Amino acid sequence: MQDDVDELVPGWQANGLSDSLIATLELSKRIARLDGVMQQAIRMEIAEFGLTYAEFDVLAALLRAGAPHRLKPSELSRALFLTSGGTSNVLQRLTSAGRIERADNPGDGRSRWVQLTPEGLRIAEAAVATAGRVHEQVMAGVPDDAIRRAADALRDINAIVGRRRPR
């Protein structure tokens, strides 16, 4: 079976890249391609909730946290792989829209909680359900065992690469 990344390989080979580097480039291009397809499909569907992808990601993280659906901003940043500045902008938009609220943390006067409002919870549940359907639709026809093998292989790679800090 061939994909659009396979069309890039002859060019890499013609430039004398090693087989190991070519395999790494194929991996990164395929990850980016799949992520792009998935995000585009999700963006189209969550637009009906008036959400950007970043806003959806925050609501989903708060939903995943379980009742009372709250996290500290620093926990959200880590969970979403965002900078604190990027997280702050999204939180401001969600607060203005009435989907989250910030509450004092009685256990730590230096921090605050970010939590879903009842409306935010309703939208988060609906948007996460929609995103789940999108994932299933995008991956339709891909054998379950192929998805499992790919997920496991990427976990192994991420466990090593994820510990490194980019220069």
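This report covers a pocket, a helix and two single residues in a predicted model.

## The largest pocket

The largest pocket has a volume of about 1,700 Å³. Its lining counts 37 residues. Closest to the pocket centre are Arg30, Ile31, Leu34, Asp35 and Leu154.

Five helices each give two or more residues to this lining: H2 (19-46), H3 (53-64), H4 (73-80), H6 (118-138) and H7 (144-161). H2 supplies the largest share, with ten residues. By class, the lining holds 22 nonpolar residues, ten charged and five polar.

## Helix H5

Helix H5 runs over residues 84-96, 13 residues in total. From its first C-alpha to its last, H5 reaches 18 Å. That is close to the 18 Å expected at 1.5 Å a residue.

Which residues of H5 are buried? They are Thr87, Val90, Leu91 and Leu94. Viewed down the axis of H5, these buried residues fall within an arc of 105°, so they line one face of the helix. The cover over the buried residues of H5 includes two helices, H3 and H4. It also includes strand S2 (100-104) and strand S3 (112-116). Just after H5 comes Gly98, which takes a positive phi of about 80°.

## Val138

Val138 belongs to helix H6. Is Val138 buried, partly exposed or exposed? Its relative accessibility is 26%, so Val138 counts as partly exposed; the buried class stops under 20%, and the exposed class begins over 50%.

Leaving out residues up to four places away in sequence, Val138 touches Val37, Met38 and Ala41. These three partners have numbers that fall in the range of H2 (19-46). H6 and H2 both contribute to the lining of the largest pocket. Trp113 is another matter: 25 residues separate Val138 and Trp113 along the chain, and their C-alpha atoms are 35 Å apart.

## Gln2

Gln2 sits in the segment before helix H1 (9-14). With a relative accessible area of 69%, Gln2 is exposed, because the exposed class covers values over 50%.

How far apart are the C-alpha atoms of Gln2 and Leu21? The separation is 19 Å. Along the chain, Gln2 and Leu21 are 19 residues apart. The number of Leu21 falls in the range of H2 (19-46), the helix that gives ten residues to the lining of the largest pocket.

Technical notes
Residues are numbered from 1 along each chain as its sequence is written. This is a predicted model: local features need pLDDT of at least 70, side-chain atom pairs count only at pLDDT 80 or more; totals for chains, interfaces and linings use all residues. Side-chain values use heavy atoms; hydrogens and water are left out. On a 1 Å grid over the protein atoms alone, a cavity is a set of points where a 1.4 Å probe fits but cannot get out, and a pocket is an open set with protein on both sides within 12 Å along at least five of seven lines; lining residues have an atom within 4 Å of a point. Grid points are joined across faces, edges and corners, and a volume is the space filled by probe spheres set on the points. Helices (H or I, at least four residues) and strands (E, at least two) are DSSP runs, numbered from the N terminus. Ala, Val, Leu, Ile, Met, Phe, Trp, Tyr, Cys and Pro count as nonpolar, Asp, Glu, Lys and Arg as charged, and the others, Gly among them, as polar. The expected span of a helix is 1.5 Å times one less than its number of residues. Buried means under 20% relative accessible area, exposed over 50%, partly exposed in between (1.4 Å probe, protein chains only). The arc is that of the directions from the helix axis to the C-beta atoms. Contact means heavy atoms within 4.5 Å.
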